[in-house]
Amino acid sequence: MALCSCSTGTQCSWSPAWWCSMEPWFLGFAVFLLPWASQWLRSLLKPVHVFFGACILSLSIASVISGINEKLFFVLKNATRPYSSLPGEAVFANSTGILVVSFGLLVLYILLASSWRRPDPGALTDRQLLLQLLPGSRPLPVTYMPVPLR
């Protein structure tokens, strides 16, 4: 039994649209979560993975906001009233919309900000250098230079 059935009576797992929508999930799982994928394959697919993930997130946020707007259009019957006289459902929908957009912007910022990025595999940072020491060895002196603020 399929999770859903299409309007034509066929199961969704048999339709090409279902397979096209599930392909990024299968590919991401196979390449990034399973340990057998090689490092060059991961580094090759990472920019594509990040780009399409950001696109999917942006489109899903747009879908949520348009769904909230459509619900409000049907509930409020397109009546223009002052904000203070709107029903509680309208205030709740507006608050939900603001939270959804804020969450999306925060996730996109974390995704694209270089300070949140994971270091490339094989490149050691100054914090990782201390973990690489052999027992009884001494760490190399690390000098820190202040970064000027813009």
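Two residues are in contact when their heavy atoms come within 4.5 Å. In this predicted model, 29% of the contacts in the protein chain with a separation of 6 or more are made by residues 24 or more positions apart.

A reader new to the structure may like to start with the overall fold. The protein chain holds four helices and zero strands, and its elements follow one another from the N terminus as α-α-α-α. The chain has 150 residues, and 12% of them count as buried. Its exposed surface comes to about 12,900 Å², with carbon and sulfur atoms supplying 70% of that area.

Attention can now turn to the empty space around the helices. Rolling a probe the size of a water molecule over the atoms reveals where such space is left. The second largest pocket has a volume of about 460 Å³. Two or more residues of its lining come from each of helix H1 (16-33), helix H2 (39-76) and helix H3 (88-112). Of these elements, H2 gives the most to the lining of the second largest pocket, contributing nine residues.

A closer look at the residues themselves completes the picture of this pocket. In total, 18 residues line the second largest pocket, and those nearest its centre are Pro24, His49, Phe52, Gly53 and Ile56. By character, the lining of the second largest pocket consists of 15 nonpolar and three polar residues, with no charged ones.

Notes: Residues are numbered from 1 along each chain as its sequence is written. This is a predicted model: local features need pLDDT of at least 70, side-chain atom pairs count only at pLDDT 80 or more; totals for chains, interfaces and linings use all residues. Side-chain values use heavy atoms; hydrogens and water are left out. Buried means under 20% relative accessible area, exposed over 50%, partly exposed in between (1.4 Å probe, protein chains only). Accessible areas come from the Shrake-Rupley method with a 1.4 Å probe; for residues, only the protein chains shown count as cover. On a 1 Å grid over the protein atoms alone, a cavity is a set of points where a 1.4 Å probe fits but cannot get out, and a pocket is an open set with protein on both sides within 12 Å along at least five of seven lines; lining residues have an atom within 4 Å of a point. Grid points are joined across faces, edges and corners, and a volume is the space filled by probe spheres set on the points. Ala, Val, Leu, Ile, Met, Phe, Trp, Tyr, Cys and Pro count as nonpolar, Asp, Glu, Lys and Arg as charged, and the others, Gly among them, as polar.
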